[in-house]
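Dear colleague,

Here is the structure I said I would hand over, and below it I have written out what was found in it. Please keep the 3D view open while you read.

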Amino acid sequence: MFRARIIGGMFDVEDIRRLKKRGLVMGRNVKIMSGVVIDSSHCWLIDIGNNVTIAPGVHIIAHDASTKYHLGYTKIGRISIGDNTFIGARSVILPNVRIGRNVVVGAGSVVTRNIPDGMVVAGNPASVVTTTTNYMNRHRKAMKKRPVFDTTWTLHGKISDKKKHEMKRMLRDGIGFIE
Ligand SMILES: CC(C)(COP(=O)(O)OP(=O)(O)OC[C@H]1O[C@@H](n2cnc3c(N)ncnc32)[C@H](O)[C@@H]1OP(=O)(O)O)[C@@H](O)C(=O)NCCC(=O)NCCS
């Protein structure tokens, strides 16, 4: 949080309430994880829908001062993130980008262009990998073959040391799923 403040008014999650007061639009059931930076200096240009998850370290940046020294002006642009969208860890969302509903943005993506509804995108610059429907169907199928753990296997459910070892063993040859 401290570092973020030094580089020109980027605040951290603790300041979300303040950003909303300044005009950030945020829907219901938005999950914002640690180390997320939302552009405080132009936060009224940012609209976040309902049921959006923003994973650790994501940067949502509505301005671009790369022109400031030469032109005397900074580029600015609106950003919107549609309902039920997931933004993967350490992704960067640049100004003038509309991300649709039911989108999955892969970890470490740089989103430079609009993303239509229902797409999985990844990479720098982010490009379409598949549709969200295909992605979810693939993993729904995988859940029938791979280990699925309930909440007793989580920190919240006070997972035992024995279960931690058991989980490692069960995941030795592939992914699993946890509630
Ligand atoms: C993008 C993502 C949704 C794809 O999931 P998936 O389809 O199950 O992933 P797979 O491992 O089957 O990879 C599919 C392909 O996409 C590539 N890929 C996966 N994730 C990628 C990413 N973040 N960036 C670039 N390429 C990626 C893989 O290398 C693979 O390419 P290949 O077919 O050429 O080998 C997932 O990898 C991801 O990044 N999820 C976000 C995780 C996250 O942010 N977690 C934070 C805590 S909540």
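Helix H4, which spans residues 132–145, gives the most to the shell around the ligand, with three residues. Before going further, please bear in mind that this is a predicted model. The full list of residues around the ligand is Ala55, Phe86, Gly88, Ala89, Val104, Gly106, Ala107, Ala122, Gly123, Tyr135, Arg138 and His139. Sorted by class, seven residues of this shell are nonpolar, four are polar and one is charged.

Three polar approaches to the ligand can be looked up in the view. Arg138 has an N or O atom in its side chain that is 2.5 Å from an oxygen atom of the ligand. At Ala89 the partner is a polar backbone atom, which is 2.8 Å from an oxygen atom of the ligand, and at Ala107 a polar backbone atom is 2.8 Å from a nitrogen atom of the ligand. Taken alone, the ligand would expose 900 Å², and the protein buries 45% of that area.

His139, which is one of the residues around the ligand, has its place in helix H4. Is His139 buried or exposed? With a relative accessible area of 18%, His139 is buried, because the cut-off for that word is a value under 20%. If its neighbours within four places in sequence are left aside, His139 is in contact with Ile175 and Phe177.

Gly123, also listed around the ligand, leads us to a hairpin. The hairpin is made by strands E16 and E17 and has four residues between the strands, and in it Gly123 takes a positive phi near 100°. Strand E16 covers residues 119–122 and strand E17 covers residues 127–131; the two run antiparallel and are joined by four bridges. Within this pair, Val121 stands opposite Val128 of E17. On the other hand, E16 also pairs with strand E14 (residues 104–105), this time in the parallel sense and over two bridges, and here Val105 is the residue that stands opposite Val121.

These strands belong to an open sheet of six strands, whose order is E3-E6-E11-E14-E16-E17 and whose pairing is mixed. Its edge strands, each of which pairs on one side only, are E3 (31–32) and E17.

Another open sheet holds four strands in the order E2-E5-E10-E13, and there the pairing is parallel. The edges of that sheet are formed by strand E2 (25–26) and strand E13 (97–99), each pairing on one side only. Strand E5 (residues 46–48) and strand E10 (residues 79–81) are paired in the parallel sense over three bridges, and in E10 the bridge partner of Asp47 is Ser80.

Two further residues may help you to practise reading surroundings. Thr67 lies in the loop between strand E8 (63–64) and helix H3 (68–71). Thr67 counts as buried because its relative accessibility is 17%. Which residues does Thr67 contact, leaving aside its neighbours within four places in sequence? They are Gly72, Tyr73, Thr74 and Lys75.

Met167 is found in helix H5, which runs over residues 161–170, and Met167 is buried as well, its relative accessible area being 18%. Not counting residues up to four places away in sequence, Met167 touches Phe149, Trp153, Ile159 and Ile178. One of these partners, Trp153, is 14 residues apart from Met167 in sequence, while the two C-alpha atoms are 8.2 Å apart in space.

Finally, some values for the whole chain. The chain contains five helices and 19 strands, and its C-alpha atoms fill a box of roughly 60 × 35 × 30 Å along the principal axes. Of its 179 residues, 38% count as buried. Its accessible surface comes to about 11100 Å², of which 56% belongs to carbon and sulfur atoms. If you consider the contacts in the chain with a separation of 6 or more, residues 24 or more positions apart account for 30% of them.

With best wishes

Terms used
Residues numbered from 1 in each chain as written. Predicted model: local features only at pLDDT ≥ 70, side-chain atom pairs only at ≥ 80, totals over all residues. Heavy atoms only, no water. Near = heavy atom within 4 Å. Polar contact = N/O pair within 3.5 Å; in protein donor to acceptor, adjacent residues only side chain to side chain. Areas by Shrake-Rupley, 256 points an atom, 1.4 Å probe, with all protein chains shown as cover. Nonpolar A, V, L, I, M, F, W, Y, C, P; charged D, E, K, R; others polar. Pairing = 2+ DSSP bridges. Buried < 20%, exposed > 50% of the residue type's maximum accessible area, 1.4 Å probe, protein only. Contact = heavy atoms within 4.5 Å.
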